[in-house]
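User: Please take a close look at one part of this protein, the sheet and the disulfide connected with it. A formal, connected explanation suited to a first-year student would be welcome.

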Amino acid sequence: QVQLVESGGGLVQPGGSLRLSCVVSGATVQYYTIGWFRQAPGKEREGVSRISTTPEDMIWYTDSVKGRFTISRDPIKDTVFLQMNNLKPEDTAVYYCAADMSIGFRLSAGPGNFDCWGRGMQVTVCS
């Protein structure tokens, strides 16, 4: 059973930074995809970024975070990070990490493609 444990959320002022972490345990396959999603009140859950665990990291960002967020991973610690810089109030949401255990990096992926989910954590950007 794959387990995902997120940390790093919190309250930050506009323009500030946060680093989210997602520790993955229990994976029985070597290659899979970890995605970060977020859900703001009254809105659908949306993909923020995702990364493959293949040697050649495949990475995707949603347009609204390009140039501000960076996804990376530490294969030794089985941890995926989301560095969020220049945060804006519209980034406020509950952030989740999720695992897509299928082979291959999907060109397009939504929440339904991900098999396992963390519990989520609040990120609030407010002055």
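Analyst: Strand S3 and strand S8, which covers residues 79-84, run in the antiparallel sense and are paired over six bridges. One of the residues involved is Ser21, whose bridge partner in S8 is Phe81. The model in which this pairing appears is a predicted one.

S3, formed by residues 18-25, also pairs with strand S1, residues 3-7; this pairing is antiparallel as well and has five bridges. Here Glu6 lies opposite Cys22 of S3. Taken together, these strands belong to an open sheet of four strands, arranged in the order S1-S3-S8-S7 with antiparallel pairing. At the edges stand S1 and strand S7 (69-74), each of which pairs on one side only. On average, neighbouring strands of the sheet are turned by 15 degrees against each other, direction ignored. A general point helps in reading such a sheet: in a regular strand, side chains alternate between its two faces.

The residue Cys22 leads from the sheet to the disulfide. The structure contains one disulfide, and this bond joins Cys22 to Cys97 with an S to S distance of 2.1 Å. In general terms, a disulfide is a covalent bond between the sulfur atoms of two cysteines. The link of Cys22 and Cys97 is right-handed, with 60 degrees about the S-S bond. It ties together distant parts of the chain: Cys22 is in strand S3, whereas Cys97 is in strand S9 (residues 93-100), and the two are 75 residues apart.

Is each partner of the bond buried or exposed? Cys22 has a relative accessible area of 0% and is therefore buried. Cys97 likewise counts as buried, because its relative accessibility is 0%. Cys116, by contrast, is in no disulfide; the nearest cysteine sulfur, that of Cys97, is 10 Å away. Cys116 nevertheless counts as buried, because its relative accessibility is 14%, and the cut-off for this class is under 20%. Cys126 has a relative accessibility of 45% and so counts as partly exposed.

From the disulfide, the description can be extended to the interior. The largest nonpolar core has 30 residues, of which Leu4, Trp36 and Met84 touch the most other members. At least two residues of this core come from each of S3, strand S4 (33-39), strand S5 (46-52), S7, S8, S9 and strand S11 (121-125). As a general rule, nonpolar side chains in soluble globular proteins tend to be buried together.

Leu4 shows how these parts meet. Leaving out residues up to four places away in sequence, Leu4 touches both partners of the disulfide, Cys22 and Cys97. Its contacts also include Val23, Val24, Ile34, Ala98 and Ala99, together with Cys116, Trp117 and Gly118.

A further residue to examine is Phe114, which is placed in the loop between S9 and strand S10 (116-117). Phe114 counts as buried because its relative accessibility is 6%. With residues up to four places away in sequence not counted, Phe114 touches Thr33, Ile34, Gly35, Phe37 and Arg50, as well as Ala98, Ala99, Asp100 and Ala109. Ile34 and Ala98 are therefore among the residues touched by Leu4 and also by Phe114, as contact here means heavy atoms within 4.5 Å. The C-alpha atoms of Phe114 and Gly15, in turn, are separated by 31 Å, and these residues are 99 places apart along the chain.

Another loop residue is Thr62, found between strand S6 (59-61) and S7. Thr62 has a relative accessibility of 15% and so counts as buried. Not counting residues up to four places away in sequence, Thr62 touches Gly47 and Val48.

The whole protein provides the setting for these details. The protein has 11 strands and zero helices. Of its 127 residues, 43% count as buried. Among contacts between residues at least 6 apart in sequence, 56% join residues at least 24 apart. The C-alpha trace spans about 45 × 30 × 25 Å along its principal axes. Its radius of gyration is 14 Å, which agrees with the value near 14 Å for a compact globule with 127 residues.

Conventions. Residues numbered from 1 in each chain as written. Predicted model: local features only at pLDDT ≥ 70, side-chain atom pairs only at ≥ 80, totals over all residues. Heavy atoms only, no water. Pairing = 2+ DSSP bridges. Axes fitted to C-alpha atoms, helices over the stretch in contact; angles between N-to-C directions. Disulfide = S-S within 2.5 Å. Buried < 20%, exposed > 50% of the residue type's maximum accessible area, 1.4 Å probe, protein only. Core = buried A, V, L, I, M, F, W, Y, C linked by side-chain atoms within 4.5 Å. Rg over C-alpha atoms; globule rule 2.2 N^0.38 Å.
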